[in-house]
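Reader: I want to test the labels against the cut-offs. Please give me the value each time, then the verdict.

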Amino acid sequence: MGLIHIELFTTLDLVGQAPGGPEEDPAGFPFGGWQAPLLDEVAGAQVGAAYEGTDALLLGRRTYDIFAAYWPYQEGGEDNEIATLFNSVPKYVASRGRPDLSWAGSTQLGPDLADAVREIRDRHEHVKVVGSLNLVQTLLREKLFDRLDLWVHPIVLGVGKKVFDGGAVPTNVTLLEPPVASPKGTVYLRYGLADGTPGTGDMSAPDRGAGRDD
C-alpha cells in the first residue's frame, strides 16, 4: 500500500487559500499571492525535495484547472524538473462537475471519494495532494492521508479558507523530522498520521511539580 502525502503552504493562522497568485481564487479574497514575497532558496529546495518519488497527483478541481493551464507548457524552462514530473505522472481529479481532462494522464474520480482514494493508494507508492483545500479538508476528516507537510509562513491574514475547517476531527499526528526554518522565516513541518485520538491530562498532578521551590 502506498502513501497519500498532503503538501500545503499556510500562514501562521493556517490560511491556505490562494498562496500563488490572485488568479487562484479571486472571489472576495484580498491576499491572493501572499506566498510570493516570502519565497527563498531554502524553501524552494524543500518543496523540490518533497516531490521526489511522486508517482501520482491527487487534485481538487480548481487546483487541477490551474495546473493544467500552466505545467504542460513549462518543460525546458526554469521549472523544468517539476514540470516534467507533473506532466508524466497520472493525475486524479476530485470533482462533481465535468472538468476538461485534456492534460495527458488525467482521470476524474468517481462519486465515492473515500473508495477512490483507497484504490489510488493501492495503485501507487507516493501520491501527492497539492493545494486543493476542499479536497484536503475531506481527506483530513476521513483520515485518508499518511503524511502532512506544512510550510508555515510568518504572516497572519485573519481572513481566508483555513487548512482545518469546522468539520475537523480529533486526530493524532507525529513529527517525522525536526522543523527547519528558511531565511525568510518559513518553517517546514512534516507530520505523519498516528493512531488514536488526542489524550488529556492534569497539569496539577503531583509529579508535575517535582523539583520546584515555590
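Reader: Why is Asp165 called partly exposed?
Author: Its relative accessible area is 29%. Buried means under 20%, exposed means over 50%, and partly exposed is what falls in between (1.4 Å probe, protein chains only). Asp165 has 29%, so the middle class applies. This is a predicted model: local features need pLDDT of at least 70, side-chain atom pairs need 80 or more, and totals for chains, interfaces and linings use all residues. Residues are numbered from 1 along each chain as its sequence is written, and side-chain values use heavy atoms, without hydrogens or water.

Reader: What makes Arg141 and Asp165 a salt bridge?
Author: Their N to O distance is 3.1 Å. The rule asks for a side-chain nitrogen of Lys or Arg within 4 Å of a carboxyl oxygen of Asp or Glu. The pair is an Arg and an Asp at 3.1 Å, so the name fits. Arg141 sits in helix α5 (residues 133-142) and Asp165 in the loop between β6 (147-153) and β7 (172-175), so the bridge ties together parts 24 residues apart in sequence. Arg141, at 32% relative accessibility, is also partly exposed.

Reader: How many salt bridges does the structure hold?
Author: Six. One of them joins Arg190 to Asp149, with the closest N and O atoms 2.8 Å apart. Arg190 lies in strand β9 (residues 187-194) and Asp149 in strand β6, so this pair ties together parts 41 residues apart in sequence.

Reader: Are Arg190 and Asp149 buried or exposed, and what are the values?
Author: Both are buried. Arg190 has a relative accessible area of 19%, and Asp149 has 0%. Each value is under 20%, so each passes.

Reader: Where do Asp65 and Arg61 lie?
Author: Both are in helix α2 (residues 61-70), four residues apart, or about one turn of the helix. An α-helix has 3.6 residues a turn, so residues three or four places apart point the same way. Asp65 and Arg61 form a salt bridge, with the closest N and O atoms 3.0 Å apart. Asp65 is partly exposed at 33%, and Arg61 is partly exposed at 30%.

Reader: What earns a segment the name helix or strand?
Author: A DSSP run does: H or I over at least four residues for a helix, E over at least two for a strand, numbered from the N terminus. The protein has five helices and nine strands. Their order is β-α-β-α-α-β-β-α-β-α-β-β-β-β.

Reader: Which residues of helix α1 are buried?
Author: In α1 (residues 41-50), Ala43, Gln46, Val47 and Ala50 are buried. They cover an arc of only 95 degrees around the axis (taken from the directions from the helix axis to the C-beta atoms), which puts them on the same side of α1. The buried residues of α1 pack against β1 (3-11), β5 (126-130), β6, β8 (180-181) and β9.

Reader: What makes the link between Gln17 and Lys161 a polar contact?
Author: The backbone nitrogen of Lys161 lies 2.7 Å from a polar atom of the Gln17 side chain. A polar contact is a pair of N or O atoms within 3.5 Å; within protein, one must be able to donate a hydrogen and the other to accept it, and sequence neighbours count only if both atoms are side-chain atoms. At 2.7 Å, the distance test is met. Gln17 is buried at 10% and lies in the loop between β1 and α1. It also touches Asp25, Phe29, Trp34, Leu133, Gly160 and Lys161, leaving out residues up to four places away in sequence. Contact here means heavy atoms within 4.5 Å.

Reader: What is notable about the phi of Leu14 and of Ala18?
Author: Most residues other than glycine have a negative phi. Leu14 has a positive phi of about 65 degrees. Ala18 has a positive phi of about 45 degrees. Leu14 is in the loop between β1 and α1, and so is Ala18. Leu14 is partly exposed at 26%, whereas Ala18 is buried at 6%.

Reader: What radius of gyration would a compact globule have with 214 residues?
Author: Near 17 Å; the protein has 19 Å, which agrees. The radius is taken over C-alpha atoms, and the globule rule is 2.2 Å times the number of residues to the power 0.38. Of the 214 residues, 41% count as buried.
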